[in-house]
Amino acid sequence: MTAPPAPGHAPAMTDGAATHLWRPYTQMKTAAPPLEAVATQGSRIRLRDGRDLIDGIASWWTAVHGYNHPHIAQAVSRQLAAMPHVMFGGLTHAPAERLAARLASLLPGDLDHVFLTDSGSVAVEVALKMAAQLWLNRGVAGRTRILAFRGGYHGDTMGAMSVCDPEEGMHRRFGAYLPGQVFADLPVDAAATAALDALLARHRDSLAAVIVEPLVQGAGGMRMHAPEVLATVARLAARHGLPLIADEIFTGFGRTGTLFACEQAGIVPDILCLSKALTGGTMALAATVARSEVFDAFWSDDPAAALMHGPTFMANPLACAAANASLDLFETEPRLAQARSIGECLASGLSPLRDVPGVADVRVLGAIGVVQLDHAPDLATLKARLVGRGVWVRPFGDIVYLTPALTISPDDLAVLIEALVATVREKAA
């Protein structure tokens, strides 16, 4: 990585200045000071002290093309010069129109109606609202609850929190504030399938939809399930007349080895949520995409039947320009092949940890590699040891995982794997 640009007016952080920022998922009183990043390039983050860290998680799974890809940077620069933002109420613009058409052409089936927002949590909120209002627009009252799956995670806002795992999730302390939802185990065997079928039948008249993370429950623990499990969820939702919401915020755009995880099960969800890698990790943007049958319930002469949602920065032109440029790269560069190659390297490189004491499981899907420990470690110490080995990895709970950029070089990937393996072995020693 070349030297970063001169920091100019950006002084080094001090203890006093740092306290003005309230950081995510952090106990501010006891946490160590964060590392200060000053530049990025490819799969590397440059710190103010001059160290380069190989990013093993692509900035929470977003930077699929690596950092600072010139094609995305040029697209954003051109859009910035022309029109950085314009409200989307009563106006439209070419970057959003083009992006919606391209997503509709890439997604399976008739997922043709794209509502653009600005974060994954909001994309889920819109999906939940679509599902609830769908029934109201059809003249059916009382169908406001969602069936979600234990172990799942769908976001930090109130509605999204309500469909996260109610016991193990990071949001369980908010239980008294949240809508009461219905929770089930994923139908991984005949008994769980029968239990889900019975639960759907019992609560059908109060349910608005079913929500699932296809193939991987991400921030809830990186739990993986077979495409057949996802197909079973879709089949049972359809049997009970319930829309299926697929949360592909983590899995979308190549992370599982196909452009969208739903493809591997051959299903078409009724509503699909996208974010994170949508812009290649460059700008905040999200999309909630609906099938025609869902959209048709909002197509009316009655103004009250319109979808009642509209974030100020929805369909931001800069973000749409970045997303279009990211889609260009999926068309012109071998991202899916790269994802599969990364998966092969992760599978072989992490496999030796299966025999290490304290390791409960090692699993790989697409460009996702997970090491599950038999108990939650001292995360601060684990993170520091990984940084000491020159890599940026953020373990959580009992999970240490890698989700690198799909463009990571073989050498950098090897360093990531070696650092993770050495750190886990060191913990076991």
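This passage describes one helix pair and the strand pairings of a predicted model.

Helices H3 and H10 form a contact. H3 spans residues 70–82, and H10 spans residues 317–332. Their axes come within 8 Å. The crossing angle is roughly 150°. Angles over 145 degrees count as roughly antiparallel, and H3 and H10 are therefore roughly antiparallel to each other. The crossing of H3 past H10 is right-handed.

On the H3 side, the contact is made by His71, Ile72, Ala75, Val76, Gln79 and Leu80. On the H10 side, the residues are Pro317, Leu318, Ala321, Ala322, Ala325, Ser326, Asp328 and Leu329. Ten of the contact residues are nonpolar, three are polar and one is charged. Asp328 of H10 is among the residues that meet H3.

Strands E2 and E3 form a hairpin. E2 covers residues 44–47, and E3 covers residues 52–55. The two strands run antiparallel and are joined by three bridges. Arg44 stands opposite Ile54 of E3. Four residues lie between the strands. In this hairpin, Gly50 takes a positive phi near 100°.

E3 also pairs with strand E15, residues 391–392. Here the strands run parallel, with two bridges between them. Ile54 recurs in this pairing, where it stands opposite Val391 of E15. Ile54 thus has Arg44 opposite it in one pairing and Val391 opposite it in the other.

A further set of strands, E13, E14 and E16, makes up an open sheet. The strand order is E13-E14-E16, and the pairing is antiparallel. E13 (359–365) and E16 (399–402) are the edge strands, each pairing on one side only. From one strand to the next, the twist averages 15°.

Within this sheet, E13 is joined to E14, residues 368–373, by six bridges. These two strands run antiparallel. Val359 stands opposite Leu373 of E14. In a regular strand, side chains alternate between the two faces of the sheet.

Helix H11 lies across this sheet. The helix comprises residues 335–350 and lies across E13, E14 and E16. H11 runs at about 25° to E14. Angles under 35 degrees count as roughly parallel, so an angle of about 25° places H11 roughly parallel to E14.

Note on methods: Residues are numbered from 1 along each chain as its sequence is written. This is a predicted model: local features need pLDDT of at least 70, side-chain atom pairs count only at pLDDT 80 or more; totals for chains, interfaces and linings use all residues. Side-chain values use heavy atoms; hydrogens and water are left out. Axes are lines fitted to C-alpha atoms, for helices over the stretch in contact, and angles run from 0 to 180 degrees between N-to-C directions. Angles under 35 degrees count as roughly parallel, over 145 as roughly antiparallel, 65 to 115 as roughly perpendicular and the rest as oblique. A crossing is left-handed if the near helix is turned anticlockwise from the far one by less than a right angle, and right-handed if clockwise. Contact means heavy atoms within 4.5 Å. Ala, Val, Leu, Ile, Met, Phe, Trp, Tyr, Cys and Pro count as nonpolar, Asp, Glu, Lys and Arg as charged, and the others, Gly among them, as polar. Two strands pair if DSSP finds at least two bridges between them.
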